[in-house]
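Visitor: I am new to this structure and should be grateful for a close look at a single part of it. Kindly take one helix packing and explain how its surroundings fit together.

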Amino acid sequence: MESCKVVENIYLLVIITLISVLQNVFFAQKVERECKSRNIDTSAFERVSCANRNCMDAYPTFLAVMWCAGLCLNQAPAAFAGMIYLLVRQKYFIGYLGQSSQSTPGYLFGKRIIFFLSLMCIVGIFNYLLWRFYGSDYKEYVETITSAASALLLLP
């Protein structure tokens with residue numbers, strides 16, 4: 001029964017992580033398809049390869065802050081922000097295949113989501129330290145604010 005309690009606290013994060021793995025497979029298949037269908041020296045291959053590399057460079061940071069935010073504060077807003085990040089990353093990838101200027105909104109939006117998740121991590125750790133050393137627990141208040149603020153991520 002103890003394992004059910006643990007899974008209950010992280011299942012949304014696990015789902016988003018698995019979806020992100022599927023997205024990475026999709027990106028890798030696009031690179032492979034482009035490599036097989038055309039000459040490797042073409043600009044289309046370079047764009048798809050570069051977009052894949054850029055997405056993979058930010059991937060560990062995304063996973064770390066999403067899991068930290070979900071574990072230290074609240075999994076629901078962290079998973080919501082994670083899902084939005086995956087949609088934005090898809091937009092970035094597809095935009096990069098066109099003109100590079102089409103990928104800029106996705107890139108900037110992704111940075112904003114990473115910042116939000118990082119802020120959630122910091123607040124969660126700070127709240128834990130307050131509880132540990134001073135006995136003050138503001139987790140309910142912070143979770144309410146975070147849940148409401150996560151909806152602001154949808155604003156362009």
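Guide: In this predicted model, helices α2 and α4 are oblique to each other, because their axes pack at an angle of about 40 degrees, and angles under 35 degrees would count as roughly parallel. The two axes are 8 Å apart, and the crossing of α2 and α4 is left-handed. On the α2 side, the residues that meet α4 are Thr61, Phe62, Val65, Met66, Cys68, Ala69 and Cys72. On the α4 side, they are Ile114, Leu117, Ser118, Met120, Cys121, Gly124 and Ile125. By class, this contact of α2 with α4 has 11 nonpolar and three polar residues, and no charged ones.

Helix α2 covers residues 43-72, and its axis comes within 10 Å of that of α3, crossing at roughly 175 degrees. Helices α2 and α3 are therefore roughly antiparallel to each other. Their contact has 16 nonpolar, five polar and two charged residues.

Helix α3, at residues 75-97, also packs with helix α4, at residues 104-134: the axes come within 8 Å and cross at roughly 160 degrees. That angle makes α3 roughly antiparallel to α4. The crossing of α3 and α4 is left-handed. From α3, the contact draws on Pro77, Ala78, Ala81, Ile84, Tyr85, Val88, Lys91 and Tyr92. From α4, the partners include Pro105, Gly106, Tyr107, Phe109 and Gly110, and further along Ile113, Ile114, Phe116, Leu117 and Met120. Sorted by class, the contact of α3 with α4 has 15 nonpolar residues, two polar residues and one charged residue. Ile114, Leu117 and Met120 of α4, listed here as meeting α3, are also among the residues that meet α2.

One residue of α3 deserves attention in its own right. Tyrosine 85 lies in helix α3 and has a relative accessible area of 6%, so tyrosine 85 is buried. Apart from neighbours within four places in sequence, tyrosine 85 is in contact with Ala58, Phe62, Gly110, Ile113 and Ile114. Of these, Phe62 belongs to α2, where Phe62 is one of the residues that meet α4. The C-alpha atom of tyrosine 85 is separated by 9.1 Å from that of glycine 106, which is 21 residues away along the chain.

Helix α1, at residues 2-37, offers a second residue to consider, threonine 17. Its relative accessibility is 17%, so threonine 17 counts as buried. Not counting residues up to four places away in sequence, threonine 17 touches Tyr59, Leu63, Met66 and Trp67. Met66 is also listed on the α2 side of the contact with α4.

An unreviewed UniProt entry lists residues 6-28, 62-88 and 108-131 under "transmembrane region". In the model, residues 108-131 are 100% helix, and their end C-alpha atoms are 35 Å apart. Residues 62-88 are 93% helix, with end C-alpha atoms 12 Å apart. Neither residues 62-88 nor residues 108-131 contain any strand.

As for the setting, the protein has five helices and zero strands. Buried residues make up 37% of its 156 residues. Among contacts between residues at least 6 apart in sequence, 78% join residues at least 24 apart. The C-alpha atoms fill a box of roughly 65 × 35 × 25 Å along the principal axes.

Technical notes: Residues numbered from 1 in each chain as written. Predicted model: local features only at pLDDT ≥ 70, side-chain atom pairs only at ≥ 80, totals over all residues. Heavy atoms only, no water. UniProt positions renumbered as here; feature names shortened; annotations may be inferred. Helix = DSSP H or I, 4+ residues; strand = E, 2+ residues; numbered from the N terminus. Axes fitted to C-alpha atoms, helices over the stretch in contact; angles between N-to-C directions. Parallel < 35°, antiparallel > 145°, perpendicular 65-115°, else oblique. Left-handed = near helix turned anticlockwise from the far one by under 90°. Contact = heavy atoms within 4.5 Å. Nonpolar A, V, L, I, M, F, W, Y, C, P; charged D, E, K, R; others polar. Buried < 20%, exposed > 50% of the residue type's maximum accessible area, 1.4 Å probe, protein only.
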